[in-house]
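Student: I've just opened this structure and I'm a bit lost. Could you pick one part, take a close look at it with me, and then show me what else is worth finding?

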Amino acid sequence: GTTTVATIRFVCRNGTPYTFRNDHFIYSIVHDSTHNEMNSIREPSTSLNGHTSVRISFTPRDTGTYIATFKVNHQKIGGTVYRRLYVAGPPVANRTVVHHQANHLILQCGTYFSIMVSPRDNYGNIARLNSDLLFIEVKKNGPTGVPFIADHYVENVGTDQTRVEILVKLDEPGYYIGCLKYEDKIIGLQNMLILCLTDSGIAKMEENINCKFLSVSYKAKLIPQKNPEETRKVKCFLSPRLFQVRSQHLFNLISSRVFTCRVCNNTQFILNEELEKFTIDDGIQTPITLISPHREIIVAVFHSFVQRNVGGAESFHDKQRSFWTELRNRNPDMQSGLRREVRLNIRRFDILESAMLATRGFKVDMWKRKFSVSFEGEAGIDVGGVSREFFTCLCDTIFGGRNPQGL
């Protein structure tokens, strides 16, 4: 990020300034590893007779060695090349990468939890940080709690010390809001949900996670919206796909469903600052409020299921990778890497009817193949553009409103 300036003065053997033409001087500044040529600014210094010196400036963005070559009349100045090594700048909080992509932490009381951090400078280069300035700040029972620094220590990982590991520990079970900070600036998420469970809570959570059906229950009380004081005893059930609240009748022999929602990112578990109280909102039904001594376990199981359903983490690339993996598992042609083509011969001015005639005999597996489209009377090889035009014209015919056959 710092600007480097090279000033070259041209002198004859007798010590007088040497005047050269602009096209006689050439130069290049190249990164040694990527072989990318740097953008630079050339500022010639002129005299009455012509150029006698030149000033070249450039600002590197990537770490590594840069090689500069200067030539006059196709001969290297000094007979060699010039090298300079540039190291990363100081780490910046908004560029530093936290490898824990989920928006929550599930800790066990008295046990250290590891978070990997890759410090980066202002240009994304891997930098080295001061471990004394890296810490995690937490607040108990919500954002309005009193902030304090959690018990932690920092270790460098690897011989190059380009990645650090911060290990954090909490001793009291409960619900916390925390954030990772470096030099009092937040790294990653601002309000990360932290659930600290006891040993029995961790065992209960693992039991529920390993169960595929709604068989593990949690005792709770449902708070009605009309009469909040008249609570009703219910049981909560969690599976990888569903969350369900049931009301018990006749000595717990008969149960009826009170609330059911999907286990997905759209469903929100809102923890209240009051102990054991939380609200569930799926964005479709009326939110419900529950009181349960197992609140932290229920929320931990829910987030574990959501994270597992999207492929193990909540970043976009992990979701995308999970989607394509599931798609390949469902489609044998994609799994083998061979995707057969289906050829469609379409009449451009009768695109809707000809498309329906061309695809009316398709079986289910043929719809999964790649379409290779050609228009009658037009020469063209479909490498993506013809198919794109076909789908664009077809959608315009169906949804444009100008065709009586459309919608």
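Tutor: Let's begin with a pair of packed helices and then work outwards to some strands, a few single residues and two loops.

Keep in mind that this is a predicted model. For orientation, the protein chain has six helices and 25 strands. Of its 407 residues, 37% are buried. If you take the contacts between residues at least 6 apart in sequence, 55% of them join residues at least 24 apart.

Now for the close look. Find helix α5, at residues 351–359, and helix α6, at residues 385–399. Two packed helices are described by the angle between their axes and the distance between the axes. Here the angle is about 115 degrees, and the axes lie 9 Å apart. Angles of 65 to 115 degrees count as roughly perpendicular, so that is the word for how α5 and α6 sit relative to each other. The crossing of α5 past α6 is left-handed.

Who does the touching? On the α5 side, the contact is made by Ile351, Leu352 and Ala355. On the α6 side, look for Phe390, Cys393, Leu394, Thr397 and Ile398. Sorted by class, this contact has seven nonpolar residues, one polar residue and no charged ones.

Stay with α5 a moment longer. Its buried residues are Ile351, Leu352, Ser354, Ala355 and Thr359. An α-helix has 3.6 residues a turn, so residues three or four places apart point the same way. Keep that in mind as you turn the helix on your screen. Besides α6, the buried residues of α5 pack against two strands, β24 (341–346) and β25 (370–375).

Next, the strands. One open sheet has four of them, in the order β8-β10-β14-β13, and the pairing is antiparallel. At its edges are β8 (97–98) and β13 (151–157), each of which pairs on one side only. The partner of β13 is β14, residues 163–169, and seven bridges join this antiparallel pair. If you want a spot to zoom in on, try His152, whose bridge partner in β14 is Val168.

For a parallel pair, go to β9 and β16. Strand β9 covers residues 104–108, and four of its five residues are buried, so you'll find this strand mostly covered. Five bridges join β9 to β16, which spans residues 185–197, and the two strands run parallel. Along this pair, Gln108 stands opposite Leu197 of β16.

While you're on β16, look at Asn191, which lies in that strand. Leaving out residues up to four places away in sequence, Asn191 touches Ile177 and Gly178. The C-alpha atoms of Asn191 and Ile177 are 5.7 Å apart, with their positions 14 residues apart in sequence.

Helix α2 is a good next stop, and you can find it at residues 295–309. His303 lies in this helix. Is His303 buried or exposed? Its relative accessibility is 12%, so His303 counts as buried. Not counting residues up to four places away in sequence, His303 touches Asn103, His104 and Leu193.

Further along α2 you'll come to Arg308. This residue is partly exposed, with a relative accessible area of 45%. Arg308 touches Ile209 and Pro240, again not counting residues up to four places away in sequence. Arg308 and Ile209 are 99 residues apart along the chain, and 9.9 Å separates their C-alpha atoms.

Finally, two loop residues with a backbone twist to check. Most residues other than glycine have a negative phi, and most peptide bonds are trans. His35 isn't a glycine, yet its phi is positive, near 60 degrees. You'll find His35 in the loop between β2 (25–31) and β3 (41–46). At 59% relative accessibility, His35 counts as exposed.

Asp184 also has a positive phi without being a glycine, at about 65 degrees. Its place is in the loop between β15 (174–182) and β16. Asp184 is exposed too, with a relative accessible area of 62%.

Definitions and conventions
Residues are numbered from 1 along each chain as its sequence is written. This is a predicted model: local features need pLDDT of at least 70, side-chain atom pairs count only at pLDDT 80 or more; totals for chains, interfaces and linings use all residues. Side-chain values use heavy atoms; hydrogens and water are left out. Two strands pair if DSSP finds at least two bridges between them. Buried means under 20% relative accessible area, exposed over 50%, partly exposed in between (1.4 Å probe, protein chains only). Axes are lines fitted to C-alpha atoms, for helices over the stretch in contact, and angles run from 0 to 180 degrees between N-to-C directions. Angles under 35 degrees count as roughly parallel, over 145 as roughly antiparallel, 65 to 115 as roughly perpendicular and the rest as oblique. A crossing is left-handed if the near helix is turned anticlockwise from the far one by less than a right angle, and right-handed if clockwise. Contact means heavy atoms within 4.5 Å. Ala, Val, Leu, Ile, Met, Phe, Trp, Tyr, Cys and Pro count as nonpolar, Asp, Glu, Lys and Arg as charged, and the others, Gly among them, as polar.
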